Amino acid sequence: MKQILKWIGIIVVSVVLLPLVVIFFIYKKAVGKREYDPKVLDNLEEAAQDYVKKTAPLSDVDSRYKYIRLAQKALPTAKEIEVGEVEDKKIDGPGGKIGLRIYTPEADGPYPLMVYFHGGGFVTGSVQTTDAIARKLVKTTGYRVISVDYRLAPENPFPAAIEDAYATLVWISKHLTSLRAKSGEIVVAGDSAGGNIAAVVSQIATSKGAPNVTKQILLYPPVDIFSRDASVLYPSMDEFAEGYVLTKESLDKYFKLYLSGANDRKYDPLVAPIRSKDVSKLPAAFVATAEYDPLRDQGEAYAKKLKDAGVPVYAKRFEKVPHDFMSTPSVATDETFELISEFLQEKL
């Protein structure tokens, strides 16, 4: 009997406790030591202050991204934000299978469709990290939201993410019936790097004439080079270089990892959509920027370029919040969801 109990104990330790210990150390490595300047908190709204304290930046992106990915995948699902149904699915893509997470409203279809691209500097992030955002979009808009697990750098640098994103749009356009789509119209959306992807695939779809992308929602997007030399054009890169979640140093490292082996294409519109010569035929855009974000100025410059070209644009700078503010509940977050819902209802 003692021998049996001994083996049961060994099995419990090896199967249950040991993996938990490993996950704990992976999490500690991913989180690292958070450091922030207490003075920056004076500029932020209360919810944003807590967010900065919990997510003060890790600039050592290139040596930690694998650990960060593992920690992000272990994040709990935001089940408290109830939707009708959540389905994980894989489709064929140009570089293998593409993971999709499909969120369905509680109401019966047919549904308008939105494709969502997560942030993470093209290096981290997943459908899990933006689970709460996707669910809230479903709740506030009534759209069926399809979140995309595109390939990440540095294993799959540019243009892998863009290829997966466009391939997903094509797949959706061919499966409108099974998706119970209300029409062939597709809204694209994304935060941070995902905002870049949404802007780029809007341009690709417009130039190809398909799929039918009708609106784009860009949340604090990098739309131009987001390395150190971007400071020449965008003062916010220096003004908020450190202290507010996203740093100039980490942006530079993300940029280099994303463009690994393709640095000569940093001005390509597929990397920097603001560099496109003609944006006049692009779909209507909702552009949200954060006051304390190094990417703020380029997001606002893109909104202006679209507006000057005659594209319907709703642009708003949200005050007293940093980059990635949509990841935490706040006044700015709630207002953003409300404005997105209004934007989608408008016939532009």
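Here is a walk through this predicted model, from its cores to its empty spaces and then its salt bridges.

Let's start inside. The largest nonpolar core holds 63 residues, and within it Phe117 and Ile197 touch the most other members. If you click on Phe117 and ignore its neighbours within four places in sequence, you'll find it in contact with Val148, Tyr150, Ala165, Val188, Ala189, Gly190, Asp191, Gly194, Ile197, Ala198 and Val201. There is also a second, separate core of 39 residues, with Tyr51, Val52, Ala134 and Ala288 among them. As a bit of background, nonpolar side chains tend to be buried together in soluble globular proteins.

Now for the gaps. The second largest pocket encloses about 490 Å³ of space. Its lining takes in 19 residues, and the ones nearest the centre are Tyr143, Glu185, Thr214, Lys215 and Leu344. Strands and a helix share the job here: β3 (111-117), β5 (181-191), β6 (213-219) and α10 (331-345) each give two or more residues to this lining. The biggest contributor is β5, with 4 residues. Chemically the lining is a mix, with 8 nonpolar, 6 polar and 5 charged residues.

The model also has 1 cavity of 30 Å³ or more, and the space in it comes to about 30 Å³. You can find this cavity by looking between Arg69, Gln72, Lys73, Gly125, Ser126 and Leu152, which line it. That lining counts 1 nonpolar, 3 polar and 2 charged residues.

Finally, the charges. There are 19 salt bridges in the whole structure. One of them pairs Lys136 with Asp334, at 3.8 Å from N to O. Lys136 sits in helix α4 (residues 131-141) and Asp334 in helix α10, so this bridge ties together parts that are 198 residues apart in sequence. Lys136 is partly exposed at 25% relative accessible area, and Asp334 is partly exposed too, at 38%.

Asp252 and Lys256 make a much more local pair, with N and O 3.1 Å apart. They are 4 residues apart in helix α8 (residues 248-258), so about one helical turn separates them. Their surroundings contrast: Asp252 is buried, at 7%, while Lys256 is exposed, at 55%.

Then there's Glu300 with Arg317, whose closest N and O atoms are 2.8 Å apart. This pair links helix α9 (residues 296-308), home of Glu300, to strand β8 (residues 313-322), home of Arg317, with the two positions 17 residues apart in sequence numbering. Glu300 is partly exposed at 24%, as is Arg317 at 36%. Elsewhere, Asp88, Arg101, Asp131 and Arg135 are joined into one network by salt bridges that share partners.

Note on methods. Residues are numbered from 1 along each chain as its sequence is written. This is a predicted model: local features need pLDDT of at least 70, side-chain atom pairs count only at pLDDT 80 or more; totals for chains, interfaces and linings use all residues. Side-chain values use heavy atoms; hydrogens and water are left out. A nonpolar core is a set of buried Ala, Val, Leu, Ile, Met, Phe, Trp, Tyr and Cys residues joined through side-chain atoms within 4.5 Å. Buried means under 20% relative accessible area, exposed over 50%, partly exposed in between (1.4 Å probe, protein chains only). Contact means heavy atoms within 4.5 Å. On a 1 Å grid over the protein atoms alone, a cavity is a set of points where a 1.4 Å probe fits but cannot get out, and a pocket is an open set with protein on both sides within 12 Å along at least five of seven lines; lining residues have an atom within 4 Å of a point. Grid points are joined across faces, edges and corners, and a volume is the space filled by probe spheres set on the points. Ala, Val, Leu, Ile, Met, Phe, Trp, Tyr, Cys and Pro count as nonpolar, Asp, Glu, Lys and Arg as charged, and the others, Gly among them, as polar. A salt bridge is a side-chain nitrogen of Lys or Arg within 4 Å of a carboxyl oxygen of Asp or Glu.
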